[in-house]
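Got a few minutes and a viewer open? Here are some short exercises on ring geometry and helix packing, each with a worked solution.

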Amino acid sequence: MEDFAHALADFVRLHHAWAAPIVLLLAFGESLAFISLLIPAWGALVAIGALIGVSGISFWPVWIAGGIGAALGDWVSYWFGYKYKEHVAQIWPLSRFPEVLLRGEAFVQKWGVPSIFIGRFFGPLRASVPLAAGIFEMPYWPFQIANFVSALVWSAALLLLGDVIGQIAEWLWRVV
């Protein structure tokens, strides 16, 4: 995974125009049920964030792309849970990792709509919470509001973390 993140960051460093579309796809995959369990993309998002300040890539389009990608991933996950309900647990890879869905279900039942915002920031919950919200038929508009707001905050947090790391690395490079 580390090699993947480095390769993507190198590509984006050389081709700035691809930063936003790549971040959109990474955030979508990171937030999509099933896919995010197999390919965590947050490291690549942080690596691309590290390029923002040091390479002249504009923060705003990359941030918006990340937020939209993450929100769309959750939206698809919610829809999938809503449509397929109890059959979801029988689909691979959740059939091999039933605890992921069980944690998402418990979290949604305990926290309700705020679970969408909170779950965005916790690994496997990121994709299982929207799926569970769909299964339990969380009201659509409250889900979507929490989904889009949390996606934008999450995208900014990852990209800004990367940007800070990039700024520190650049400063250290000049000092040493």
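The exercises below work on a predicted model.

**Exercise 1. Classify the ring pair Tyr78 and Phe143, and say which helices the two residues lie in.**

*Solution.* Start with the whole structure: a search turns up 14 aromatic pairs. For Tyr78 and Phe143, the ring centres are 4.3 Å apart, with 20° between the planes. Centres within 6.5 Å make a pair, and planes under 30 degrees apart count as stacked, so this pair is stacked. Next, place the partners: Tyr78 belongs to helix 5 (residues 59-84), while Phe143 belongs to helix 9 (residues 140-175). The pair therefore ties together parts that are 65 residues apart in sequence. Finally, check the burial: Tyr78 is buried at 5% relative accessibility, and Phe143 is buried too, at 0%.

**Exercise 2. Now do the rings of Trp79 and Tyr84: what kind of pair is this?**

*Solution.* The centres are 6.2 Å apart and the planes stand at 90°. Since planes over 60 degrees apart count as edge-to-face, that's the label for this pair. As for accessibility, Trp79 comes out partly exposed at 44%, and Tyr84 is partly exposed as well, at 32%.

**Exercise 3. Find the aromatic cluster that includes Tyr78, then look for lysines over the rings of Tyr82 and Tyr84.**

*Solution.* The cluster consists of Trp75, Tyr78, Tyr82, Tyr140, Trp141, Phe143 and Phe148. One of its members, Tyr82, has the charged end of Lys85 over its ring, 4.3 Å from the centre. Over at Tyr84, Lys83 lies over the face, at 5.9 Å from the ring centre.

**Exercise 4. Describe how helix 2 and helix 5 pack: are they roughly parallel or roughly antiparallel?**

*Solution.* Two numbers set up the description: packed helices are characterised by the angle and the distance between their axes. Here the axes come within 7 Å and cross at roughly 30°. Angles under 35 degrees count as roughly parallel, so helix 2 and helix 5 are roughly parallel to each other. Their crossing is right-handed. On the helix 2 side, the residues that meet helix 5 include Ala20, Leu24, Ala27 and Ser31; on the helix 5 side, Gly66, Gly69, Ala70 and Gly73 are among them.

**Exercise 5. Zoom in on Ser31: is this residue buried or exposed, and which residues does Ser31 touch?**

*Solution.* Ser31 lies in helix 2 (residues 19-31). Its relative accessible area is 0%, so Ser31 is buried. Leaving out residues up to four places away in sequence, Ser31 touches Ser36, Ala70, Gly73, Asp74, Ser77, Arg120, Arg126, Ala127 and Trp154.

Key
Residues numbered from 1 in each chain as written. Predicted model: local features only at pLDDT ≥ 70, side-chain atom pairs only at ≥ 80, totals over all residues. Heavy atoms only, no water. Phe/Tyr/Trp six-rings, centres within 6.5 Å; stacked < 30°, edge-to-face > 60°. Helix = DSSP H or I, 4+ residues; strand = E, 2+ residues; numbered from the N terminus. Buried < 20%, exposed > 50% of the residue type's maximum accessible area, 1.4 Å probe, protein only. Lys NZ or Arg CZ within 6 Å of the ring centre and 35° of its normal. Contact = heavy atoms within 4.5 Å. Axes fitted to C-alpha atoms, helices over the stretch in contact; angles between N-to-C directions. Parallel < 35°, antiparallel > 145°, perpendicular 65-115°, else oblique. Left-handed = near helix turned anticlockwise from the far one by under 90°.
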